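Here are some short exercises to work through with the structure open beside you. Try each task before you read its solution.

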Amino acid sequence: MNIDFLKRLLWFTVLIVVQVFVLNHIHLFAVATPLLYIYFILQLHRNYPQWASMLWGFFMGVVIDTFSNTPGVAAGALTLIAAVQPFVLQPFIPRDSGDDFQPGMDTLGVPQYTWYASILTFIYNVVFFSLEMFSFFNVLEWLECVIGSSLLTLILILVVENVRRR
């Protein structure tokens, strides 16, 4: 077993524990819930095997779904995010970077990383809340959940990335 796999497994476990025991109980204004576990997918480096990232996303989603009582919602949305992550990351990568380029505030810069994280966070929340509500009957409630959770999640991702960077 290599050290990279063990680090990923540690992040996987820590993010799930924090989400299940702390963040799932936070509902700001009854619409915004922080979904910090998508940070795991954001940190996958360039040229990471697509099948492996989708597998990580699916397994993390299944565990989150199990503890959050959202059958299949997080698994589907995280698998999608894992599938589109390389394509969203590509425009932000400097031309002279290596194959093991890992996205972060120190490698991309704060504005670029903020855009990268906000795009993936927004896509995730749109898919997550669309699957969870499975209806566009109440569009305003859906929009409040998507925007509120996206902002709250993005703030937490930037805080964690900033702390991790130091």
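**Exercise 1.** In this predicted model, find the helix that holds Val14, and decide whether Val14 is buried, partly exposed or exposed.

*Solution.* Start with the location: Val14 belongs to helix 1, which covers residues 3-21. Next, take its relative accessible area, which is 40%. Buried means under 20% and exposed means over 50%, so Val14, at 40%, counts as partly exposed. Finally, look at its surroundings: Val14 helps to make a nonpolar surface patch of about 600 Å², together with Leu10, Val17, Val18, Phe21, Val22 and Ile26.

**Exercise 2.** Classify the ring pair of Phe92 and Tyr116, and find where each residue lies in the chain.

*Solution.* The model has 11 aromatic pairs. For this one, begin with the distance: the ring centres are 6.3 Å apart, and a pair needs centres within 6.5 Å. Then check the angle: the planes stand at 70°, so the pair is edge-to-face, since that class takes angles over 60 degrees. Now trace the chain: Phe92 sits in the loop between helix 4 (73-89) and helix 5 (105-108), while Tyr116 is in helix 6 (residues 110-133), so the pair links distant parts of the chain, 24 residues apart. Both Phe92 and Tyr116 are buried.

**Exercise 3.** Describe the lining of the largest pocket.

*Solution.* First, the space: the largest pocket holds about 270 Å³. Second, the residues: 16 line it, and His27, Thr33, Phe128, Phe129 and Glu132 lie nearest its centre. Third, the helices: helix 6 gives the most to this lining, with 3 residues.

Terms used. Residues numbered from 1 in each chain as written. Predicted model: local features only at pLDDT ≥ 70, side-chain atom pairs only at ≥ 80, totals over all residues. Heavy atoms only, no water. Patch = residues over 30% accessible without salt bridge, like charges linked within 9 Å, V, L, I, M, F, W, Y side chains within 5 Å. Areas by Shrake-Rupley, 256 points an atom, 1.4 Å probe, with all protein chains shown as cover. Salt bridge = Lys/Arg side-chain N within 4 Å of Asp/Glu carboxyl O. Helix = DSSP H or I, 4+ residues; strand = E, 2+ residues; numbered from the N terminus. Buried < 20%, exposed > 50% of the residue type's maximum accessible area, 1.4 Å probe, protein only. Phe/Tyr/Trp six-rings, centres within 6.5 Å; stacked < 30°, edge-to-face > 60°. 1 Å grid on protein atoms, 1.4 Å probe; cavity = no way out; pocket = protein on both sides within 12 Å on 5 of 7 lines; lining within 4 Å. Points joined across faces, edges and corners; volume = space filled by probe spheres on them.
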